[in-house]
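User: Got a model here with a ligand in it, and I'd like to know what backs up the labels people put on it. Can you walk me through the reasoning?

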Amino acid sequence: MRQHVNPLSKNFNEIERIPSLIEMFGDSKLNLHLDIGCASGEFLFDLALVNTSWNYLGMEIREKLSKTAKEKVREKEIKNLYFVFGNANNILNDVQSKFIIKNLKSISFNFPDPWFKKRHHKRRVIQPELINMLSKSLQKGSLIFIKTDVKDLFNYMDNTISSNFNFKKIDEKDFNYSNSFNPNKVQTNREKYVIVNQLNIFEKIYIKI
Ligand SMILES: C[S@@+](CC[C@H](N)C(=O)[O-])C[C@H]1O[C@@H](n2cnc3c(N)ncnc32)[C@H](O)[C@@H]1O
């Protein structure tokens with residue numbers, strides 16, 4: 001079992017410089033998707049190589065994973081993928097990220113750390129403050145995808161997003177993936193593990209109205 005990183009540690013108060021979209025991507029006008037808690041970014045590498053009409057941005061709090069992902073992007077000269085290291089809550093709340101949020105078509109939270117103990121719930125990446133900020137800054141029609149194998153975490157995330165009146169639920173069964181950031185339903189590493197071990201997956205999609 002890996003040791004979870006405490007996102008509330010002051011080590012993450014300082015944010016790395018966020019470059020402009022033109023600096024991040026070969027074509028800054030493509031649709032932009034953000035994956036929060038992307039770990040080593042394998043999911044995003046898989047997506048970026050196939051869906052060249054999308055730009056992908058990953059945020060990850062484990063510095064080593066983020067550094068390796070950044071190096072791999074440079075080595076492979078991938079122009080539609082970029083990684084930012086740090087606590088996504090701090091990054092997204094920083095003024096220098098405002099333009100990113102305005103340009104996002106969608107955000108995914110795939111299998112976030114559950115932080116089971118009640119006194120640790122503040123460490124969960126989805127917080128009412130984050131959802132409130134997103135509800136004000138995302139464009140109408142932007143999507144939020146959540147996915148987890150932990151029912152209690154799903155209920156918490158679903159309640160947090162649903163209680164914000166600017167987001168409406170879309171049933172996953174009624175959703176047409178072909179125009180989304182993930183038309184081929186590529187699976188994340190955790191998702192592959194969950195499927196092999198026949199665990200449940202709880203997921204939901206929300207649209208900013
Ligand atoms: C259980 S892993 C899931 C990784 C991947 N999304 C998947 O589905 O395979 C959760 C990831 O989120 C990262 N993480 C947790 N809190 C975060 C935060 N506040 N900001 C950015 N990344 C975070 C963790 O370091 C970890 O890599």
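Analyst: Sure. First, how residues are classed: Ala, Val, Leu, Ile, Met, Phe, Trp, Tyr, Cys and Pro count as nonpolar, Asp, Glu, Lys and Arg as charged, and the others, Gly among them, as polar. By that scheme, the shell around the ligand has 6 nonpolar, 7 polar and 5 charged residues. Keep in mind that this is a predicted model.

User: How many residues surround the ligand, and which are the closest?

Analyst: There are 18 around the ligand, the closest being Gly37, Glu60, Arg62, Asn87 and Thr188.

User: What makes the Glu60 pair a polar contact?

Analyst: The cut-off is 3.5 Å between N or O atoms. A polar side-chain atom of Glu60 sits 2.6 Å from a ligand oxygen, so the pair counts as a polar contact. For Gly37, a backbone N or O atom is 2.9 Å from a nitrogen of the ligand, and Ala88 likewise has a backbone N or O atom 2.9 Å from a ligand nitrogen.

User: How much of the ligand does the protein cover?

Analyst: 91% of the 590 Å² of accessible area that the ligand has on its own. The ligand takes up the space of the largest pocket. Elements giving two or more residues to its shell are α4 (88–93) and α8 (189–196).

User: Why is Asn155 called partly exposed?

Analyst: Buried means under 20% and exposed means over 50%. Asn155 has a relative accessible area of 32%, so it falls in between and is partly exposed. Asn155 belongs to helix α7 (residues 151–162).

How values were computed
Residues numbered from 1 in each chain as written. Predicted model: local features only at pLDDT ≥ 70, side-chain atom pairs only at ≥ 80, totals over all residues. Heavy atoms only, no water. Helix = DSSP H or I, 4+ residues; strand = E, 2+ residues; numbered from the N terminus. Buried < 20%, exposed > 50% of the residue type's maximum accessible area, 1.4 Å probe, protein only. Near = heavy atom within 4 Å. Polar contact = N/O pair within 3.5 Å; in protein donor to acceptor, adjacent residues only side chain to side chain. Areas by Shrake-Rupley, 256 points an atom, 1.4 Å probe, with all protein chains shown as cover. 1 Å grid on protein atoms, 1.4 Å probe; cavity = no way out; pocket = protein on both sides within 12 Å on 5 of 7 lines; lining within 4 Å. Sits in = over half its atoms within 2 Å of the grid points.
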